[in-house]
Structures are given as structure tokens and as C-alpha cells.
Amino acid sequence: MSDLTRLDATLDQVWYHLACGAAEPDAPARNLVLATVGVDGGAEARMVVLRGADRGAGTLTVHTDAASAKVAEIAATPQATLLVWDPLARLQIRLRARVTSRAGTEEEWSAIGDGARAVYGGTPPPGFAIARPEAHEAAPDPARFTVLTARIEEIETLHLGQDRHRRAVFRRTEGFHGTWRAP
Ligand SMILES: Cc1cc2nc3c(=O)[nH]c(=O)nc-3n(C[C@H](O)[C@H](O)[C@H](O)COP(=O)(O)O)c2cc1C
């Protein structure tokens with residue numbers, strides 16, 4: 001059991017959970033909420049799969065379809081938040097980030113399975129009105145395969161401990177040196 005009464009151990013736990021999420025399908029951080037600013041200024045949120053976590057660079061990787069709304073939203077407003085809840089650790093992790101998108105490489109396209117490829121592409125594009133679900137035709141399209149890189153600017157944790165709640169903030173501008181906050 002990790003010691004979430006210490007700031008350094010709390011940050012280690014965050015990256016441990018993110019590394020597990022990127023590597024293991026059943027890890028709590030495998031599916032994160034990605035919240036963005038909608039093109040009309042409203043708040044948007046959806047689940048995404050965590051594909052990579054790099055503690056050295058302080059970045060996370062997510063795969064998506066270039067035609068999905070989130071890509072246009074990020075192009076207009078790169079600030080986004082990723083949210084994780086680990087029920088066993090009783091730890092909420094809020095990750096405030098600047099997100100950029102780029103085309104996935106051939107190597108990345110080859111590395112994902114057939115099932116995953118099928119969700120990048122298709123007609124009509126995501127979000128378009130269709131008469132019935134069968135009116136969408138899947139067509140894996142490497143040109144629509146997009147990689148989102150979230151450069152984490154701030155990590156905020158909330159640990160629901162048995163004795164007390166512990167909230168902390170770690171900022172990139174402060175070298176991810178953490179400070180405690182009132183919960
Ligand atoms: C568990 C789960 C995981 C998902 N993972 C992804 C993902 O990795 N990438 C993605 O683009 N959409 C993923 N989706 C679908 C999105 O939540 C969303 O419905 C879709 O991307 C369209 O979002 P948008 O219109 O806001 O861009 C996932 C949905 C669920 C329920």
C-alpha cells in the first residue's frame with residue numbers, strides 16, 4: 001500500500017496508475033474522461049482509452065478519429081482535462097493539459113489491432129445523423145487515425161483516506177513539486 005500522506009509518494013502513485021492504464025486493459029486508468037471546450041464554448045466530456053504515459057516528458061497519448069468533434073475542439077482550444085478515479089486506492093486524479101493532435105504514423109497504425117482500426121474511419125463521420133445504426137459503414141482509414149498528445153501542466157489529486165481527505169496540486173512550472181490544498 002502506498003503512503004498517500006506524502007506528496008512525493010502521491011505523485012509516484014499518479015504515474016504508477018497512468019503507467020498501468022497505458023499497459024493493462026483492466027487497470028482503472030485504462031479509460032479516462034477527456035473533457036474539452038466545445039466549439040460553441042460549452043463543456044464536453046467523453047471516455048477515451050489511455051494508450052501511452054511518459055513520466056519523463058509528462059505526457060499522455062490517446063488515439064482518435066480525425067473527423068471526431070474532439071479534434072476540432074482541441075484545435076480551437078488546446079486546454080483539456082483528463083480525469084481518473086481509482087476506487088481501490090480511493091484516489092481521484094485530475095490532469096490539466098495542453099493537447100495537440102497529429103496524424104498517426106504507419107508504425108502506430110500497424111501496431112493497433114484490426115478491431116481498433118475499424119473505429120478510425122467510416123461513413124458518415126462521427127456525430128452525423130443517420131436513419132438507423134446500420135446506416136453507418138465502418139471502413140478503417142489510416143488517414144483518419146489521429147494521435148492526441150496531452151502535455152500535462154498540472155496534476156491534482158484527491159485521496160479519500162479513512163482518517164481524512166488529502167488534496168494536492170503538482171505544477172509543471174514548479175517541476176511537479178507538490179503542495180497540499182484544503183480538500
Ligand atoms: C470505454 C470507452 C472508451 C473509449 N475510447 C475512445 C478512444 O480511445 N478514442 C476515441 O476517439 N473515442 C473513444 N470512445 C468513444 C468516445 O467516448 C466518444 O463517444 C467518441 O470519440 C466521439 O466523441 P466526440 O464526438 O466528443 O469527439 C470510447 C468510449 C468508451 C465508452
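How far is an oxygen atom of the ligand from an N or O atom in the side chain of Arg-46? In this predicted model, the separation is 2.8 Å. A ligand oxygen atom also lies 2.8 Å from a backbone N or O atom of Met-47. A further contact involves Ala-69, where a polar backbone atom is 3.2 Å from an oxygen atom of the ligand. On its own, the ligand has 620 Å² of accessible area, of which 59% is covered by the protein.

The shell around the ligand comprises Asn-31, Arg-46, Met-47, Val-48, Val-49, His-63, Thr-64, Ser-68, Ala-69 and Lys-70. Three elements, β2 (43–54), β3 (59–65) and α2 (69–76), each contribute at least two residues to this shell. The largest contribution comes from β2, which supplies four residues. Classified by residue type, the shell consists of four nonpolar, four polar and two charged residues.

The protein was also examined for internal cavities. One cavity of 30 Å³ or more was found, and the volume of the largest cavity is about 50 Å³. Its lining is formed by Leu-34, Leu-60, Thr-61, Val-62, Leu-82, Val-99, Leu-148, Thr-149 and Ala-150. Two or more of the lining residues are provided by each of β3 and β8 (145–160). Seven residues of the lining are nonpolar and two are polar, with no charged residue present. Strand β3 thus recurs in both settings, supplying at least two residues to the shell around the ligand and two or more to the lining of the largest cavity. Charged residues, by contrast, number two in the ligand shell and are absent from the cavity lining.

Key:
Residues numbered from 1 in each chain as written. Predicted model: local features only at pLDDT ≥ 70, side-chain atom pairs only at ≥ 80, totals over all residues. Heavy atoms only, no water. Near = heavy atom within 4 Å. Polar contact = N/O pair within 3.5 Å; in protein donor to acceptor, adjacent residues only side chain to side chain. Areas by Shrake-Rupley, 256 points an atom, 1.4 Å probe, with all protein chains shown as cover. Nonpolar A, V, L, I, M, F, W, Y, C, P; charged D, E, K, R; others polar. 1 Å grid on protein atoms, 1.4 Å probe; cavity = no way out; pocket = protein on both sides within 12 Å on 5 of 7 lines; lining within 4 Å. Points joined across faces, edges and corners; volume = space filled by probe spheres on them.
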